[in-house]
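Please look through the sequence and the structure shown below. The report that follows takes up the ligand surroundings and then the packing of helices.

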Amino acid sequence: MVVEPAASVPPLPALHAVPEHVAIIMDGNGRWANERGLRRSEGHRAGAEAIRPVLERFGQHGVSVLTLFGFSTENWGRPRPEVQSILRLGGDFIDSHLGELHEAGVQLRHLGELERLPGWLQKRVARAVKQTQGNSRMILNLAFNYGGRADIVSAVQQLIAEGVPAEEVTEEAISCRLATAGLPEPDLLIRTGGEARMSNFLVWQATYSEYYFTETLWPDFGPAAIDAALIEFGQRQRRFGLVSNDGDEDDD
Ligand code: IPE
Ligand code: IPE
Ligand code: MG
(Lines give C-alpha, C1' and ligand atoms only; values in the text may rest on other atoms or scores of the structure.)
(Ligands and ions follow the chains in the order given, each with its own letter.)
Protein backbone atom coordinates (compact mmCIF):
# COMPACT_ATOMS: atom_id res chain seq x y z
CA MET A 1 0.00 0.00 0.00
CA VAL A 2 1.28 3.44 -0.90
CA VAL A 3 0.81 5.91 1.92
CA GLU A 4 0.20 9.43 0.65
CA PRO A 5 2.24 12.02 2.53
CA ALA A 6 0.01 14.35 4.55
CA ALA A 7 -0.56 17.56 2.59
CA SER A 8 1.74 20.15 4.11
CA VAL A 9 -0.09 22.84 6.04
CA PRO A 10 1.67 26.22 5.90
CA PRO A 11 2.54 27.88 9.23
CA LEU A 12 0.03 30.48 10.41
CA PRO A 13 0.99 33.94 9.15
CA ALA A 14 0.74 36.95 11.48
CA LEU A 15 -2.30 39.08 10.66
CA HIS A 16 -2.92 42.81 11.01
CA ALA A 17 -6.51 42.20 12.03
CA VAL A 18 -8.60 39.09 12.56
CA PRO A 19 -12.29 39.18 11.57
CA GLU A 20 -14.63 38.06 14.30
CA HIS A 21 -17.21 36.72 11.84
CA VAL A 22 -16.38 35.28 8.40
CA ALA A 23 -19.17 34.32 5.99
CA ILE A 24 -18.47 32.24 2.89
CA ILE A 25 -20.38 31.58 -0.32
CA MET A 26 -19.00 28.13 -1.08
CA ASP A 27 -19.23 28.26 -4.88
CA GLY A 28 -17.59 26.27 -7.68
CA ASN A 29 -18.29 22.62 -6.81
CA GLY A 30 -19.89 21.92 -10.20
CA ARG A 31 -17.01 23.43 -12.16
CA TRP A 32 -14.49 21.58 -9.99
CA ALA A 33 -16.21 18.32 -10.99
CA ASN A 34 -16.54 19.30 -14.67
CA GLU A 35 -12.83 20.03 -14.88
CA ARG A 36 -12.19 16.44 -13.79
CA GLY A 37 -14.83 14.79 -15.93
CA LEU A 38 -16.84 13.93 -12.80
CA ARG A 39 -20.53 14.32 -12.02
CA ARG A 40 -21.63 17.49 -10.24
CA SER A 41 -22.57 15.40 -7.21
CA GLU A 42 -18.88 14.42 -6.91
CA GLY A 43 -18.03 18.10 -6.79
CA HIS A 44 -20.51 18.59 -3.96
CA ARG A 45 -18.98 15.64 -2.13
CA ALA A 46 -15.50 17.18 -2.46
CA GLY A 47 -17.01 20.48 -1.32
CA ALA A 48 -18.45 18.89 1.81
CA GLU A 49 -15.07 17.33 2.59
CA ALA A 50 -13.42 20.75 2.39
CA ILE A 51 -15.51 22.15 5.24
CA ARG A 52 -13.81 20.61 8.30
CA PRO A 53 -10.24 21.77 7.49
CA VAL A 54 -11.56 25.23 6.61
CA LEU A 55 -13.26 25.52 10.02
CA GLU A 56 -10.04 24.35 11.64
CA ARG A 57 -7.91 26.98 9.94
CA PHE A 58 -10.25 29.87 10.71
CA GLY A 59 -10.43 28.66 14.29
CA GLN A 60 -6.63 28.64 14.54
CA HIS A 61 -6.59 32.24 13.36
CA GLY A 62 -9.02 33.20 16.14
CA VAL A 63 -12.17 33.68 14.06
CA SER A 64 -15.12 33.06 16.37
CA VAL A 65 -18.07 32.81 13.97
CA LEU A 66 -18.03 31.07 10.59
CA THR A 67 -21.12 31.13 8.39
CA LEU A 68 -21.24 28.80 5.39
CA PHE A 69 -23.73 29.15 2.54
CA GLY A 70 -24.43 25.58 1.50
CA PHE A 71 -27.83 25.74 -0.20
CA SER A 72 -29.84 28.77 -1.26
CA THR A 73 -33.61 29.19 -1.55
CA GLU A 74 -33.00 29.46 -5.33
CA ASN A 75 -31.04 26.19 -5.47
CA TRP A 76 -34.35 24.23 -5.24
CA GLY A 77 -34.66 25.04 -8.95
CA ARG A 78 -31.74 22.75 -9.84
CA PRO A 79 -32.39 19.26 -11.25
CA ARG A 80 -33.93 17.03 -8.60
CA PRO A 81 -31.07 14.51 -8.41
CA GLU A 82 -28.59 17.33 -7.76
CA VAL A 83 -30.81 18.81 -5.03
CA GLN A 84 -31.16 15.35 -3.47
CA SER A 85 -27.41 14.82 -3.47
CA ILE A 86 -26.78 18.19 -1.79
CA LEU A 87 -29.41 17.48 0.89
CA ARG A 88 -27.96 14.03 1.50
CA LEU A 89 -24.44 15.45 1.83
CA GLY A 90 -25.74 17.98 4.35
CA GLY A 91 -27.09 15.12 6.47
CA ASP A 92 -23.90 13.09 6.03
CA PHE A 93 -21.82 16.06 7.14
CA ILE A 94 -23.75 16.23 10.40
CA ASP A 95 -23.63 12.44 10.89
CA SER A 96 -19.89 12.22 10.41
CA HIS A 97 -18.79 15.40 12.20
CA LEU A 98 -21.28 16.15 14.98
CA GLY A 99 -19.51 14.17 17.71
CA GLU A 100 -16.11 15.57 16.92
CA LEU A 101 -17.34 19.17 16.49
CA HIS A 102 -19.14 18.92 19.82
CA GLU A 103 -15.93 17.65 21.47
CA ALA A 104 -14.08 20.59 19.94
CA GLY A 105 -16.52 23.06 21.53
CA VAL A 106 -18.18 24.14 18.28
CA GLN A 107 -21.74 25.41 18.46
CA LEU A 108 -23.75 24.52 15.35
CA ARG A 109 -26.59 26.75 14.24
CA HIS A 110 -28.89 26.65 11.26
CA LEU A 111 -29.77 29.71 9.17
CA GLY A 112 -32.76 29.45 6.86
CA GLU A 113 -36.15 27.83 6.73
CA LEU A 114 -35.84 24.44 8.39
CA GLU A 115 -39.44 23.41 7.68
CA ARG A 116 -38.94 23.12 3.92
CA LEU A 117 -36.13 20.59 4.31
CA PRO A 118 -37.06 16.88 4.33
CA GLY A 119 -38.03 15.52 7.76
CA TRP A 120 -34.94 13.33 8.14
CA LEU A 121 -32.67 16.33 7.58
CA GLN A 122 -34.71 18.58 9.88
CA LYS A 123 -34.22 16.01 12.63
CA ARG A 124 -30.47 15.83 12.12
CA VAL A 125 -30.10 19.60 12.07
CA ALA A 126 -32.29 20.02 15.16
CA ARG A 127 -30.30 17.36 17.02
CA ALA A 128 -26.97 19.00 16.08
CA VAL A 129 -28.21 22.44 17.19
CA LYS A 130 -29.57 21.09 20.47
CA GLN A 131 -26.53 19.00 21.32
CA THR A 132 -24.05 21.82 20.73
CA GLN A 133 -26.06 24.79 22.04
CA GLY A 134 -23.95 25.12 25.19
CA ASN A 135 -20.63 25.25 23.30
CA SER A 136 -18.81 28.54 23.04
CA ARG A 137 -15.39 27.97 21.47
CA MET A 138 -16.61 28.73 17.96
CA ILE A 139 -19.98 29.15 16.22
CA LEU A 140 -20.60 27.41 12.89
CA ASN A 141 -23.70 28.69 11.11
CA LEU A 142 -24.93 26.38 8.38
CA ALA A 143 -26.96 28.43 5.90
CA PHE A 144 -28.99 25.69 4.31
CA ASN A 145 -32.17 26.64 2.50
CA TYR A 146 -31.23 30.21 3.31
CA GLY A 147 -32.19 33.34 1.40
CA GLY A 148 -31.29 36.85 2.51
CA ARG A 149 -34.57 38.33 1.33
CA ALA A 150 -36.60 35.53 2.95
CA ASP A 151 -34.71 36.28 6.19
CA ILE A 152 -35.86 39.92 6.06
CA VAL A 153 -39.43 38.97 5.13
CA SER A 154 -39.54 36.59 8.09
CA ALA A 155 -38.31 39.34 10.44
CA VAL A 156 -41.03 41.70 9.16
CA GLN A 157 -43.67 39.00 9.60
CA GLN A 158 -42.54 38.54 13.21
CA LEU A 159 -42.82 42.28 13.84
CA ILE A 160 -46.36 42.31 12.47
CA ALA A 161 -47.36 39.17 14.39
CA GLU A 162 -46.07 40.80 17.59
CA GLY A 163 -48.09 43.94 16.84
CA VAL A 164 -45.02 46.18 16.93
CA PRO A 165 -46.13 49.75 16.06
CA ALA A 166 -44.60 51.42 12.97
CA GLU A 167 -42.49 53.89 14.97
CA GLU A 168 -40.80 50.99 16.75
CA VAL A 169 -39.77 49.29 13.49
CA THR A 170 -36.10 50.20 13.68
CA GLU A 171 -32.98 48.66 12.15
CA GLU A 172 -32.28 47.08 15.52
CA ALA A 173 -35.83 45.67 15.69
CA ILE A 174 -35.27 43.97 12.33
CA SER A 175 -31.69 42.81 13.09
CA CYS A 176 -32.73 41.04 16.26
CA ARG A 177 -35.39 39.06 14.38
CA LEU A 178 -33.07 37.80 11.63
CA ALA A 179 -31.57 34.32 11.62
CA THR A 180 -28.29 35.84 12.83
CA ALA A 181 -29.84 37.60 15.86
CA GLY A 182 -27.30 38.18 18.60
CA LEU A 183 -24.26 37.53 16.40
CA PRO A 184 -21.82 40.15 15.16
CA GLU A 185 -22.32 41.08 11.49
CA PRO A 186 -19.85 39.43 9.10
CA ASP A 187 -16.60 41.37 8.97
CA LEU A 188 -15.39 39.44 5.95
CA LEU A 189 -17.51 37.88 3.22
CA ILE A 190 -15.66 35.46 0.96
CA ARG A 191 -16.96 34.02 -2.30
CA THR A 192 -15.02 31.24 -3.99
CA GLY A 193 -15.53 30.18 -7.60
CA GLY A 194 -14.82 33.46 -9.40
CA GLU A 195 -18.28 35.08 -9.41
CA ALA A 196 -18.58 38.54 -7.86
CA ARG A 197 -22.15 38.59 -6.59
CA MET A 198 -24.20 38.00 -3.45
CA SER A 199 -26.70 35.46 -4.80
CA ASN A 200 -29.16 36.39 -2.03
CA PHE A 201 -26.81 35.60 0.86
CA LEU A 202 -26.72 37.83 3.96
CA VAL A 203 -28.14 40.88 2.17
CA TRP A 204 -28.99 42.81 5.34
CA GLN A 205 -26.08 41.68 7.50
CA ALA A 206 -23.26 42.16 4.94
CA THR A 207 -23.88 45.89 4.41
CA TYR A 208 -20.45 46.80 5.79
CA SER A 209 -18.64 43.50 5.31
CA GLU A 210 -15.37 43.48 3.43
CA TYR A 211 -15.88 41.42 0.26
CA TYR A 212 -13.23 39.03 -1.00
CA PHE A 213 -13.71 37.20 -4.28
CA THR A 214 -11.37 34.43 -5.32
CA GLU A 215 -11.16 32.30 -8.46
CA THR A 216 -10.30 29.27 -6.31
CA LEU A 217 -13.10 26.72 -6.56
CA TRP A 218 -14.61 25.74 -3.19
CA PRO A 219 -13.17 22.18 -2.98
CA ASP A 220 -9.67 23.67 -3.47
CA PHE A 221 -10.12 26.37 -0.80
CA GLY A 222 -7.47 25.29 1.69
CA PRO A 223 -5.17 26.86 4.31
CA ALA A 224 -3.06 28.90 1.87
CA ALA A 225 -6.17 30.38 0.22
CA ILE A 226 -7.68 31.15 3.64
CA ASP A 227 -4.49 32.87 4.78
CA ALA A 228 -4.44 34.98 1.58
CA ALA A 229 -8.01 36.14 2.27
CA LEU A 230 -7.19 37.02 5.89
CA ILE A 231 -4.00 38.84 4.94
CA GLU A 232 -5.97 40.92 2.43
CA PHE A 233 -8.64 41.61 5.08
CA GLY A 234 -5.92 42.89 7.42
CA GLN A 235 -4.86 45.40 4.78
CA ARG A 236 -8.33 46.81 4.18
CA GLN A 237 -9.28 50.09 5.75
CA ARG A 238 -12.81 49.94 7.11
CA ARG A 239 -14.47 53.32 7.36
CA PHE A 240 -18.21 52.64 7.88
CA GLY A 241 -19.04 55.87 6.08
CA LEU A 242 -16.71 57.98 8.23
CA VAL A 243 -13.36 59.58 7.39
CA SER A 244 -10.13 57.81 8.25
CA ASN A 245 -7.92 59.12 11.06
CA ASP A 246 -4.61 58.79 9.28
CA GLY A 247 -5.26 61.14 6.32
CA ASP A 248 -3.35 64.45 6.23
CA GLU A 249 -5.96 66.33 4.21
CA ASP A 250 -7.82 68.97 6.17
CA ASP A 251 -10.90 70.50 4.61
CA ASP A 252 -11.90 73.02 7.24
C1 IPE B 1 -21.81 25.61 -4.98
O2 IPE B 1 -21.32 25.04 -6.11
C3 IPE B 1 -22.71 24.69 -4.20
C4 IPE B 1 -24.13 25.05 -4.28
C5 IPE B 1 -24.65 26.09 -4.85
C6 IPE B 1 -25.04 24.14 -3.63
P7 IPE B 1 -22.10 25.07 -7.49
O8 IPE B 1 -22.91 23.83 -7.60
O9 IPE B 1 -22.88 26.33 -7.65
O10 IPE B 1 -20.89 25.02 -8.51
P11 IPE B 1 -20.75 25.81 -9.87
O12 IPE B 1 -20.96 27.25 -9.58
O13 IPE B 1 -21.79 25.26 -10.79
O14 IPE B 1 -19.36 25.51 -10.31
C1 IPE C 1 -24.72 30.56 -4.34
O2 IPE C 1 -24.18 29.87 -5.42
C3 IPE C 1 -25.34 29.61 -3.36
C4 IPE C 1 -24.42 28.75 -2.65
C5 IPE C 1 -23.12 28.70 -2.77
C6 IPE C 1 -25.02 27.87 -1.69
P7 IPE C 1 -24.99 29.68 -6.78
O8 IPE C 1 -24.11 28.90 -7.68
O9 IPE C 1 -26.34 29.13 -6.51
O10 IPE C 1 -25.16 31.18 -7.29
P11 IPE C 1 -25.38 31.76 -8.75
O12 IPE C 1 -26.50 30.96 -9.37
O13 IPE C 1 -24.11 31.58 -9.51
O14 IPE C 1 -25.71 33.20 -8.55
MG1 MG D 1 -22.44 28.14 -8.46
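## Ligand 2

In this predicted model, a polar side-chain atom of Ser-199 is found 2.6 Å from an oxygen atom of ligand 2. Two arginines also place polar side-chain atoms by this ligand: for Arg-197, an N or O atom of the side chain is 2.8 Å from an oxygen atom of ligand 2, and for Arg-191 the corresponding separation from a ligand oxygen is 3.2 Å.

These three residues belong to a longer list of surrounding residues, which also holds Ile-25, Met-26 and Asp-27, then Phe-69, Gly-70 and Phe-71, and finally Asn-75 and Arg-78.

## Ligand 1

Ligand 1 has 13 residues around it, of which Asp-27, Gly-30, Arg-31, Arg-40 and Arg-78 come nearest. Asp-27 and Arg-78 are also listed among the residues around ligand 2, and they are therefore shared by the surroundings of both ligands, given that a residue is counted when one of its heavy atoms lies within 4 Å.

Which atoms of the protein lie by the oxygen atoms of ligand 1? A polar side-chain atom of Arg-78 lies 2.7 Å from one such oxygen, while the side chain of Arg-40 has an N or O atom 2.9 Å from an oxygen of the ligand. Gly-28 takes part through its backbone, with an N or O atom 3.4 Å from an oxygen atom of ligand 1.

## Helices α2 and α3

Arg-40, which has just been described beside ligand 1, is also one of the α2 residues that meet α3. The axes of α2 and α3 are 10 Å apart and the helices pack at an angle of about 25°, so that the two are roughly parallel to each other. The crossing in which α2 passes α3 is right-handed.

On the α2 side, the contact includes Ser-41, His-44, Arg-45 and Ala-48, and on the α3 side it includes Glu-82, Ser-85, Ile-86 and Leu-89. Sorted by class, the contact of α2 with α3 comprises seven nonpolar, four polar and five charged residues.

## Helices α3 and α4

Helix α3, spanning residues 80-103, also packs with helix α4, spanning residues 119-132, and their axes come within 10 Å and cross at roughly 20°. Because angles under 35 degrees count as roughly parallel, α3 is roughly parallel to α4. The crossing here is left-handed, whereas that of α2 and α3 is right-handed.

Leu-87, Arg-88, Gly-90, Gly-91, Ile-94, Asp-95, Leu-98 and His-102 form the α3 side of this contact, and among the α4 residues that they meet are Trp-120, Leu-121, Arg-124 and Val-125. The contact of α3 with α4 contains seven nonpolar, five polar and four charged residues.

## Helices α2 and α7

How do α2 and α7 lie relative to each other, oblique or roughly parallel? The axes of helix α2 (residues 40-61) and helix α7 (residues 223-235) come within 10 Å and cross at roughly 40°, and the two helices are therefore oblique to each other. Their crossing is right-handed.

From α2, the residues Val-54, Arg-57, Phe-58 and His-61 take part, and they meet Pro-223, Ile-226, Asp-227 and Leu-230 of α7. In this contact of α2 with α7, five residues are nonpolar, one is polar and two are charged.

How values were computed: Residues numbered from 1 in each chain as written. Chains lettered and ligands numbered in written order. Predicted model: local features only at pLDDT ≥ 70, side-chain atom pairs only at ≥ 80, totals over all residues. Heavy atoms only, no water. Axes fitted to C-alpha atoms, helices over the stretch in contact; angles between N-to-C directions. Helix = DSSP H or I, 4+ residues; strand = E, 2+ residues; numbered from the N terminus. Parallel < 35°, antiparallel > 145°, perpendicular 65-115°, else oblique. Left-handed = near helix turned anticlockwise from the far one by under 90°. Contact = heavy atoms within 4.5 Å. Nonpolar A, V, L, I, M, F, W, Y, C, P; charged D, E, K, R; others polar. Polar contact = N/O pair within 3.5 Å; in protein donor to acceptor, adjacent residues only side chain to side chain.
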